[in-house]
Amino acid sequence: MANEQTYTGMGGNLRAAEIFNRLIHEDLVDRTDLRSTSVLLGDLGGSGSDTLVTPRVAFDDAMAAANVDETTEADNTALGNNAISLSIAQQIIAREVSDKLAITGAPGNLDLQILAADIVRAYVLRFTALVCATFTTFTAIVSSTGVNMDMDDFYASMDTLEQAVVPGPWSMVLFTVQWTDLRTALRGEGLNPYLPAGSEHALGMHDPGYKGLINGVQVFASDSVGSDGPDSNGAMYGPGGLVHAIASPNQAMAGSISAPVPAGSPLYAEFVRDGDPGLSQVVGHAFLAVGIGENARGVEIKTDR
């Protein structure tokens with residue numbers, strides 16, 4: 001084992017006599033949640049398989065004129081089809097605390113319950129990272145390599161989706177610098193309809209990382225967006241551009257004691273006890289797969305990082 005939270009190792013920060021404020025103050029961390037931008041294809045819990053295959057058909061054929069002689073039959077029209085395949089993989093995080101750290105703790109100090117609650121945030125961070133990792137898979141690319149993102153890149157991305165007949169609503173996920181560059185460019189767009197998060201259109205709840213609407217496109221910023229040399233690999237995509245599959249536990253795992261997670265969540269957690277030397281561990285598990293639903297439904301946005 002490694003990275004245990006102990007009194008000796010962390011006492012200087014968390015248990016020193018000079019510390020009177022018992023509350024934990026979190027460091028800055030990106031909480032962007034992109035689950036709403038991906039389509040859930042299914043739950044493999046209890047399915048008997050680790051792979052979800054979803055058939056896809058192309059209903060894109062118009063009627064044709066019938067034979068004018070009124071007696072010759074028309075040929076059948078072939079139906080285009082293929083399939084999306086997602087294989088779930090295990091995601092995991094473990095935290096461990098020593099008995100001395102736990103026993104000397106006061107309300108608001110770091111403890112096992114706080115670490116258990118953090119499992120949900122860890123799952124969201126992992127989901128966001130997996131979503132952002134797919135962006136370079138999109139075949140279509142809008143690129144201004146080494147140049148700050150501007151409204152030309154934004155409109156070029158919209159044009160790409162419109163030309164591919166991608167239905168809305170669309171989502172755009174940018175690296176934090178891409179977003180601030182775009183916001184700077186917005187200042188010169190007097191007629192551009194930008195509705196920031198928190199305005200009257202956004203009185204409802206939105207996922208963390210949501211920045212607002214630009215021309216009807218919901219915009220997110222995240223530091224999980226990857227890079228390619230000097231550039232960031234953001235993306236704009238419509239529904240079905242990204243898809244995911246999960247596997248929710250339909251029963252408690254043998255020997256585990258459930259930790260607090262949201263009802264119906266694909267997460268499950270357990271407490272593990274090591275009596276010698278006196279350590280308690282909370283382990284969070286999830287099974288997840290994220291992938292491209294249809295390549296033409298998205299476009300990569302590559303601009304200066």
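A salt bridge here is a side-chain nitrogen of Lys or Arg within 4 Å of a carboxyl oxygen of Asp or Glu. With that in hand, let's look at this predicted model, which holds six salt bridges. Some of them hook up into a network: R95, D118 and R121 are linked that way.

Other salt bridges are pairs, including these:

| Pair | Closest N to O | Relative accessible area |
|---|---|---|
| D33 and R35 | 2.7 Å | D33 7%, R35 36% |
| K302 and D228 | 2.8 Å | K302 15%, D228 39% |
| E294 and R297 | 2.7 Å | E294 30%, R297 24% |

Start with D33, which forms a salt bridge with R35. D33 is buried, while its partner R35 is partly exposed.

Next comes K302, which pairs with D228, their closest N and O atoms sitting 2.8 Å apart. K302 belongs to strand β15 (residues 298-304) and D228 to strand β10 (residues 227-228), so this salt bridge ties together parts that are 74 residues apart in sequence. How do the two ends sit? K302 counts as buried because its relative accessibility, 15%, is under the 20% cut-off. D228, on the other hand, counts as partly exposed.

Then there's E294, whose side chain meets that of R297 in a salt bridge. Is E294 buried or partly exposed? At 30% relative accessibility, E294 counts as partly exposed. R297 is partly exposed too, with a relative accessible area of 24%.

Terms used
Residues are numbered from 1 along each chain as its sequence is written. This is a predicted model: local features need pLDDT of at least 70, side-chain atom pairs count only at pLDDT 80 or more; totals for chains, interfaces and linings use all residues. Side-chain values use heavy atoms; hydrogens and water are left out. Buried means under 20% relative accessible area, exposed over 50%, partly exposed in between (1.4 Å probe, protein chains only). Helices (H or I, at least four residues) and strands (E, at least two) are DSSP runs, numbered from the N terminus.
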